[in-house]
Amino acid sequence: MPGDFVAGYTEETEKVVDAIRKSGIEPVNIAIFSEPFAGKTTFLNHIYARFRGRAARISISHSDDISYLKEHLKGIRENILFIDDCHLLYDRKVDGFEELKDLLDFIGESTEKIFITSWNIFSWNYLNKTHHIEKHFPCRIELPEFEVEQIRSVLLAPYISGDILFESGEKNGIEHVLEFKSYTLNLKRMDKKINIPYPNFHYNLLKEKLSFKKKATPDEVAFTKIKENSSGNILLSKIIWEKSLQGSTIRVTDIYSPSYEVKLEYDTLFIGFLILSMGNISKKRLGSTIGDEIDITRSLSLLLEHKIIRIKDGICSIRPEAMHHIGSLARNRRLL
């Protein structure tokens, strides 16, 4: 799967590699950002593997203690530094940006080094508005949505040709073109109602069936639908695939579509959005960030009840299926 992930980012790979090779000619510090579950860590690891002999790699943890970073960076001798999940260096509170500032200061002072960093796009956008962090990274790369053929390639990689059967799931024959509806006739003199059936033709569908245009095959429709339901997010595409697969069959009409109708009050939405923008965060750190302004226990309970987040070993994370719903709600409430 990692190789198939990276294959979807060929252009972005070339851009990063080209920027590194130009080191010494122009500034090349790089910021890579994406929504959660888009494969940015896999992508970063792929680039790191190409420069392993000259590079060091750091992964920022969701641990509550991140004050070690500054001293750790000073001890690294390699001239290329890969730093994953840089958005975990800040907390959304008044005094919550010191570790992030330490990193940005170190980048500014270390002109002989190249920094390749990765960020959650929601945090990146927030930090760019509040701290103008883009000025530290002349090369900025947003990992794009996967297209239909890229999703097909990743999802079918574990199988050989013919393993998966694709079906439309639609009934064949005239019943889609012709249906019978019922007209209710009131017979006042008899104080009676009767239902009279009458035929209803779907002329557009009939025209389509009689046309000579090439129709999309069930597999083409299936992967297009998966792309639409996932917005091109590759992990969410994989979840949709697994929930839609019935034995060895994918039926187009039964493809899973994440659906959340729940509306959240502002406080609960804010907590959900914080979790989304951090990728994952400990309950302890979340409590330190929010303080007493919001009843965190209640908000987390509601988010769990609506299957928007997971909590494991004290670490809160967004469910991939709920990611776009929370993002949409946050956008409507101007949290973005």
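Q: How do you know that strand 3 (residues 80-84) and strand 4 (residues 114-120) pair, and in which sense?
A: Two strands pair if DSSP finds at least two bridges between them. Strands 3 and 4 share four bridges and run in the parallel sense, so the criterion of at least two is met. Phe 82 stands opposite Ile 116 of strand 4. The model is predicted: local features need pLDDT of at least 70, side-chain atom pairs count only at pLDDT 80 or more, and totals for chains, interfaces and linings use all residues. Residues are numbered from 1 along each chain as its sequence is written, and side-chain values use heavy atoms, with hydrogens and water left out.

Q: Why are strand 2 (55-59) and strand 5 (139-142) called edge strands?
A: The open sheet of five strands has the order 2-3-4-1-5, with parallel pairing. Strands 2 and 5 each pair on one side only. Strands here are DSSP runs of E, at least two residues, and helices are runs of H or I, at least four, both numbered from the N terminus.

Q: How do you know that helix 2 (residues 10-21) packs on the sheet?
A: Helix 2 touches strand 1 (30-34), strand 3, strand 4 and strand 5, where contact means heavy atoms within 4.5 Å. Its direction makes about 165 degrees with that of strand 5; axes are lines fitted to C-alpha atoms, for helices over the stretch in contact, and angles run from 0 to 180 degrees between N-to-C directions.

Q: What makes strand 11 (280-282) and strand 12 (309-312) stand at the edges?
A: The open sheet of three strands has the order 11-13-12, with antiparallel pairing. Strands 11 and 12 each have a single partner strand, so one side of each is left without a neighbour in the sheet. Strand 11 is joined to strand 13 (residues 315-318) by three bridges, with Ile 281 opposite Cys 316.

Q: Why is the aromatic pair of Phe 33 and Trp 124 called stacked?
A: Rings of Phe, Tyr and Trp (its six-membered ring) pair if their centres lie within 6.5 Å; planes under 30 degrees apart count as stacked, over 60 as edge-to-face and the rest as tilted. The centres of Phe 33 and Trp 124 are 4.8 Å apart, with 10 degrees between the planes; both values meet the criteria, and the pair is therefore stacked. It links strand 1 to helix 6, across 91 residues.

Q: How do you know that Phe 33 is buried?
A: Buried means under 20% relative accessible area, exposed over 50%, and partly exposed in between (1.4 Å probe, protein chains only). Phe 33 has 8%, and its partner Trp 124, with 2%, is buried as well.

Q: What makes the pair of Tyr 48 and Phe 82 edge-to-face?
A: Their ring centres are 5.5 Å apart and the planes stand at 70 degrees, so the pair is edge-to-face. Tyr 48 lies in helix 3 (residues 40-50) and Phe 82 in strand 3, so parts 34 residues apart in sequence are tied together.

Q: How do you know that Arg 92 lies over the face of Tyr 126?
A: A charge sits over a ring if NZ of Lys or CZ of Arg is within 6 Å of the ring centre and within 35 degrees of the ring normal. Arg 92 lies at 4.0 Å from the ring centre of Tyr 126, so the distance criterion of 6 Å is met.
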